[in-house]
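User: I would like to go through the ring contacts in this model and see how each label is justified.

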Protein chains: 2
Amino acid sequence: MILKAIVRDYTSSGVPVGSKALAAQLPMHVSSATVRNEMAALEELGLIAKTHSSSGRIPSVKGYRYYVDHLVQPDPIKANDIDIIKSSLEGQFLKIDEIIETSAKILSNLTSYTAFSLKPEHKQSRLSGFRLVPLGKRQVMAVLVTDNGDVESQTFNITPKITGDQLEAVVRLINDQLIGKPLDEVLDALKSEIPMQITNYLQQPEGFLKVFGDVLTQAAQERFYVGGRLNLLSFSDSNDVDELKSLYTLMDHSDDMADVLGQPSDHIQVKIGSEMTNDILKDYSLITATYEAGDHGKGVIALLGPTRMPYSRMIGLVGAFRQELAQRLIDYYRYFDQ
Amino acid sequence: MILKAIVRDYTSSGVPVGSKALAAQLPMHVSSATVRNEMAALEELGLIAKTHSSSGRIPSVKGYRYYVDHLVQPDPIKANDIDIIKSSLEGQFLKIDEIIETSAKILSNLTSYTAFSLKPEHKQSRLSGFRLVPLGKRQVMAVLVTDNGDVESQTFNITPKITGDQLEAVVRLINDQLIGKPLDEVLDALKSEIPMQITNYLQQPEGFLKVFGDVLTQAAQERFYVGGRLNLLSFSDSNDVDELKSLYTLMDHSDDMADVLGQPSDHIQVKIGSEMTNDILKDYSLITATYEAGDHGKGVIALLGPTRMPYSRMIGLVGAFRQELAQRLIDYYRYFDQ
DNA sequence: TTTTAGCACTCAAACAGTTCAAGTGCTAAG
DNA sequence: CTTAGCACTTGAACTGTTTGAGTGCTAAAA
């Protein structure tokens with residue numbers, strides 16, 4: 001009870017909490033001296049700590065951990081917040097990416113923290129079509145479509161010697177052989193048998209192979225979105241510019257961030273301070289949740305805030321958001337697959 | 001001479017400069033008392049100011065202005081810097097946008113400030129082709145190409161009732177009527193005669209018209225790039241998070257930034273502190289330069305740093321960079337137009 | 001055995017006072 | 001017109017003091 005009160009108090013005020021204030025707040029009547037004894041015991045267990053020898057207590061990482069694992073009850077979400085989520089997610093989006101991107105924005109707006117969102121897993125997505133669209137004398141656009149509706153494109157220049165027939169032959173070759181295969185297999189094929197076969201139509205296929213490979217990796221890449229980058233400036237209490245820079249740099253590297261997010265699990269995960277793999281994040285906490293978009297796989301949303309964050313509210317919010325998003329995506333795919 | 005020395009000193013040290021240190025530094029032999037008298041006169045003229053009654057002097061905005069207009073000599077650029085610029089700009093870029101984007105990056109890296117770059121003006125660019133590429137049952141990609149090689153695309157969903165023939169007819173209509181026209185005229189036509197004519201082929205053209213309009217505005221938009229956003233954290237001496245946020249928000253609004261950059265002129269322009277239209281920028285200075293990409297119009301590069309910046313070095317750098325970039329673009333277009 | 005009152009002690013934060021160095025302006029002499 | 005000399009000002013760095021919120025410990029009360 002005391003630990004719970006300390007966490008609740010400290011996360012909302014930011015000031016170490018002392019025995020007297022705590023005693024006044026507890027539901028039963030006890031004196032501050034009693035609270036002090038209990039606090040000494042909690043400190044012994046490593047759940048709380050002092051900032052200096054005569055200060056009030058703050059939760060330790062271990063304390064937060066215990067709180068999150070055993071004590072916290074997610075706040076029921078406010079009707080208002082639900083409305084905001086619902087209305088921001090509705091609307092006729094053109095692409096699924098926009099829904100995911102908006103998700104990160106909403107979540108960061110609601111919390112004033114920084115939010116991340118990851119598309120439903122697409123390592124499993126399959127090639128459903130490849131096109132080359134001639135645009136001008138020398139420009140060609142390569143377009144790749146996957147079976148869950150992702151579209152990637154890129155323009156490139158060709159030497160004018162290449163004819164339309166040649167391009168068409170190449171497209172046909174690729175489509176005949178590779179449609180329906182998962183993107184990683186396609187990428188493998190691109191490195192083995194395809195180059196051989198393509199020389200039947202193109203003398204110097206290197207340029208083309210590079211473009212095709214680029215578009216392919218683009219499509220296969222775990223694309224994730226960040227919302228509320230700037231909020232970091234407010235909730236970080238670091239004054240070290242270099243530290244902030246590293247954080248921003250970290251956020252821009254999707255592979256590093258994938259490490260940070262870790263393995264997705266079905267329930268909402270909370271990683272606290274030094275529990276995070278990355279040292280730069282030692283003063284922050286991360287709430288991660290997966291969402292299921294029907295049989296289109298699982299995606300991830302995450303929220304990065306200060307270690308001292310009001311977990312009950314945030315966990316409640318992330319939980320509610322994940323549900324709304326899942327529902328929205330199921331609707332989306334229903335329409336799309338129809 | 002004294003003003004020049006004060007500016008040089010202050011921009012490199014950041015500390016108000018006093019009479020004694022200044023006297024020691026001047027090329028001729030004068031006492032600190034003499035310098036004090038001169039400084040009093042400069043202060044009378046409003047060119048320098050004190051931070052408190054017994055402090056050394058710092059240049060005022062008016063002082064910087066005089067310095068930049070009459071005293072500064074651009075530093076000759078280091079051979080090393082030229083190498084960096086040249087090597088970063090070379091390489092086989094796929095799109096002109098990438099050259100422009102890289103420009104902002106290089107410039108910010110070289111200076112540790114924040115850099116902006118703007119494509120050669122494209123209000124004048126003309127429509128050279130419009131395509132609709134069917135991607136799947138319901139997905140279509142709209143592609144727009146301009147005569148200077150810009151490509152914009154967007155995917156959208158259609159109702160399956162629309163046939164390939166209908167789409168082709170629409171594309172033909174647009175291309176027949178609008179190819180060769182400047183983008184703003186195309187946009188006008190889109191609001192007047194086109195909708196009428198298009199109803200011959202499509203019953204409900206609204207969705208299509210919207211997509212076409214979107215792609216068009218995307219292409220017509222002054223697209224500009226920002227490099228070294230994060231550097232702002234280092235060179236800003238503001239501790240006010242909200243101020244930083246407004247600055248970042250400003251940078252993300254291309255129209256507001258266009259205001260800030262102002263009218264392009266042929267020589268290098270320097271705007272100092274409160275001379276800037278935007279109040280948020282009162283502690284910063286902006287160096288703007290245009291570059292000419294042959295007959296493909298003029299573009300702009302700009303550098304945002306603290307008011308207290310080493311102008312001679314920065315002006316030299318921007319000047320050299322503008323030349324390199326112009327040369328690079330001329331080469332690019334020569335290849336592209338060929 | 002648990003709770004409580006009481007007390008001595010600790011510490012950060014806020015404040016006031018001191019010293020120091022780097023400046024200034026002014027005056028009178030060179 | 002330049003300079004030496006001097007009185008004066010100021011921020012920064014520092015020291016010491018006070019205050020209040022907190023602690024741990026002890027001995028008495030429940």
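User: Let us start with A:Phe208: what makes this residue buried or exposed?

Analyst: In this predicted model, A:Phe208 has a relative accessible area of 7%, and because the label buried applies under 20%, A:Phe208 is called buried.

User: How do you know which label fits A:Phe130?

Analyst: The relative accessible area of A:Phe130 is 0%, and since buried means under 20%, A:Phe130 is buried.

User: Why are A:Phe130 and A:Phe208 called an edge-to-face pair?

Analyst: Their ring centres lie 6.3 Å apart, with 70 degrees between the planes; a pair requires centres within 6.5 Å, and planes over 60 degrees apart count as edge-to-face, so both conditions are met. The pair links distant parts of the chain, with A:Phe130 in strand S4 (residues 127-134) of chain A and A:Phe208 in helix H10 (residues 206-220) of chain A, 78 residues apart.

User: How many aromatic pairs does the structure hold over all chains, and why is A:Tyr64 with A:Tyr311 called tilted?

Analyst: There are 16 aromatic pairs over all chains. For A:Tyr64 and A:Tyr311 the ring centres are 5.6 Å apart and the planes stand at 55 degrees; stacked would need under 30 degrees and edge-to-face over 60, so the pair falls to the remaining label, tilted. This pair also links distant parts of the chain, joining A:Tyr64 in helix H4 (residues 61-71) of chain A to A:Tyr311 in helix H14 (residues 311-337) of chain A, 247 residues apart. Both A:Tyr64 and A:Tyr311 are buried.

User: Which residues form one aromatic cluster with A:Tyr113?

Analyst: A:Tyr113 forms one aromatic cluster with A:Phe235 and A:Tyr284.

Conventions:
Residues are numbered from 1 along each chain as its sequence is written. Chains are lettered from A and ligands numbered from 1 in the order in which they are written. This is a predicted model: local features need pLDDT of at least 70, side-chain atom pairs count only at pLDDT 80 or more; totals for chains, interfaces and linings use all residues. Side-chain values use heavy atoms; hydrogens and water are left out. Rings of Phe, Tyr and Trp (its six-membered ring) pair if their centres lie within 6.5 Å; planes under 30 degrees apart count as stacked, over 60 as edge-to-face and the rest as tilted. Helices (H or I, at least four residues) and strands (E, at least two) are DSSP runs, numbered from the N terminus. Buried means under 20% relative accessible area, exposed over 50%, partly exposed in between (1.4 Å probe, protein chains only).
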